[in-house]
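Q: I should like to take a close look at a single part of this protein. Please set that part in its context before turning to its details.

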Amino acid sequence: MRYEDALKAQSPAHTPQPKGYAELVRDPEPLPVGHPIAMRGLWKGLEHWQPAPHTPTPTTWQQDEAALAQALLWNGGAA
């Protein structure tokens with residue numbers, strides 16, 4: 001249930017309706033897709049959780065095996 005619907009469902013005798021500046025500036029709808037504020041927040045979140053540039057990328061066991069085999073071939077069997 002949306003905030004506005006909940007306010008309408010309550011009886012006015014129990015809780016007064018909010019008035020004033022806060023109610024005027026409150027936007028009950030979400031931001032549209034691609035809105036600059038939403039996009040900036042998404043990018044900041046992605047940048048925050050991005051791995052550090054100095055962190056080496058992990059390798060798979062297949063890449064490790066291939067590198068070891070290549071080293072064995074180059075060094076004549078002594079890795």
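In what order do the elements of the protein chain run from the N terminus on, and what does a close look at helix α3 (residues 36-48) show?

A: The model is a predicted one. From the N terminus on, the elements of the protein chain follow the order α-α-α-α, that is, four helices and zero strands. The average pLDDT of the protein chain is 75, and 66% of the residues score at least 70. Among the elements, α3 has the highest mean pLDDT, 89, whereas helix α2 (residues 21-25) has the lowest, 63. Where pLDDT is low, the predicted coordinates should not be read in detail.

The length of helix α3 may be considered next. Its 13 residues should span 18 Å at 1.5 Å a residue, and the end C-alpha atoms are indeed 18 Å apart, so the two values agree. Helix α4 (residues 61-74) offers a second case: its 14 residues reach 20 Å from the first C-alpha to the last, close to the 20 Å expected. After α4 comes Gly-76, with a positive phi near 70 degrees.

The surroundings of α3 come next. Because the number of buried residues among its 13 is zero, α3 lies largely in the open. In the protein chain as a whole, buried residues make up 1% of the 79 residues. The chain exposes about 7,500 Å², of which carbon and sulfur atoms supply 65%.

One residue of α3 deserves particular attention, namely Trp-43. Its relative accessibility is 52%, and Trp-43 therefore counts as exposed, the cut-off being over 50%. Together with Met-39, Leu-42 and Leu-46, Trp-43 makes a nonpolar surface patch of about 440 Å². A general rule helps in reading such a helix: an α-helix has 3.6 residues a turn, so residues three or four places apart point the same way.

Notes
Residues numbered from 1 in each chain as written. Predicted model: local features only at pLDDT ≥ 70, side-chain atom pairs only at ≥ 80, totals over all residues. Heavy atoms only, no water. Patch = residues over 30% accessible without salt bridge, like charges linked within 9 Å, V, L, I, M, F, W, Y side chains within 5 Å. Areas by Shrake-Rupley, 256 points an atom, 1.4 Å probe, with all protein chains shown as cover. Salt bridge = Lys/Arg side-chain N within 4 Å of Asp/Glu carboxyl O. Helix = DSSP H or I, 4+ residues; strand = E, 2+ residues; numbered from the N terminus. Buried < 20%, exposed > 50% of the residue type's maximum accessible area, 1.4 Å probe, protein only. Expected span 1.5 Å × (residues − 1). pLDDT = per-residue confidence, 0-100.
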